[in-house]
Each structure stands twice: as structure tokens, then as C-alpha cells.
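Trainee: I would like to work through this model with you. Where should we begin?

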Amino acid sequence: MPLRTFSWWFGMGSLTTLGVLMVQGGVRDLLVAGIQTSGPHSGEMWWSFVMTILGGGVLAGCLALIGNRLR
């Protein structure tokens, strides 16, 4: 049960983080950087983007587990 709760909220947190990044224009910046692969920091930008999305998912999953445990 805890794994199912974590995975559900991990997905919701990741999608919410992706939505926030899309609203802020981060996806546009990421795609522009992906097209211009000649820059030295294009790989760092992808890594930062993925880690932000995963971090949002982990945060949501952990908060869900803590909330479930307190209940």
C-alpha cells in the first residue's frame, strides 16, 4: 500500500511540476537549448529540468506517505 500511494503521488507531483515549468516558460527555453546544441550548457539544462521534475515527484510522494502515516 505505501508503494502504491507513493507512486501515485510521485506521478501527480511530477506532472504538477512539469505544468509549473511549462507556465513559467522553462519548456520553451529547454527546447530552444535542445535545438542549439552547440552551447556548452545545453546538457546541463536538460539535467536540471529532469531533476526538477523528479524532485517535485519525490516531494509529493514523501509528503503523501507522511500524511498517510499521521492519519
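Mentor: Start with a definition: buried means under 20% relative accessible area, exposed means over 50%, and partly exposed lies in between, with a 1.4 Å probe and protein chains only as cover. This is a predicted model, where local features need pLDDT of at least 70, side-chain atom pairs count only at pLDDT 80 or more, and totals for chains, interfaces and linings use all residues. Residues are numbered from 1 along each chain as its sequence is written, and side-chain values use heavy atoms, without hydrogens and water.

Trainee: Is S14 buried or exposed?

Mentor: S14 sits in helix 1. Its relative accessibility is 12%. The cut-off for burial is under 20%, so S14 counts as buried.

Trainee: Which residues is S14 in contact with, leaving aside neighbours within four places in sequence?

Mentor: Contact means heavy atoms within 4.5 Å. With those neighbours set aside, the partners of S14 are I53, G56 and G57.

Trainee: And which residues is T5 in contact with, on those terms?

Mentor: T5 also belongs to helix 1. T5 is buried, at a relative accessible area of 16%. Leaving aside neighbours within four places in sequence, its partners are A64, L65 and N68.

Trainee: Which residues of helix 1 are buried?

Mentor: We have met two of them, S14 and T5. The full list is T5, G13, S14, T17 and L21.

Trainee: How far apart are the end C-alpha atoms of helix 1?

Mentor: Helix 1 covers residues 2–24, which is 23 residues. The expected span is 1.5 Å times one less than the number of residues. That gives 33 Å, and the model agrees, with the end C-alpha atoms 32 Å apart.

Trainee: Which residue just after helix 1 takes a positive phi?

Mentor: Look just past the end of the helix. The phi there is about 90°, and the residue is G25.

Trainee: What is the pattern of the chain along the sequence?

Mentor: Helices (H or I, at least four residues) and strands (E, at least two) are DSSP runs, numbered from the N terminus. The chain has three helices and zero strands. Read in order, the pattern is α-α-α.

Trainee: Is M51 buried or partly exposed?

Mentor: M51 is in helix 3, residues 42–70. Its relative accessibility is 40%. The in-between class runs from 20% to 50%, so M51 counts as partly exposed.

Trainee: What share of the contacts with a separation of 6 or more joins residues 24 or more positions apart?

Mentor: This takes in the whole chain. The share is 71%.
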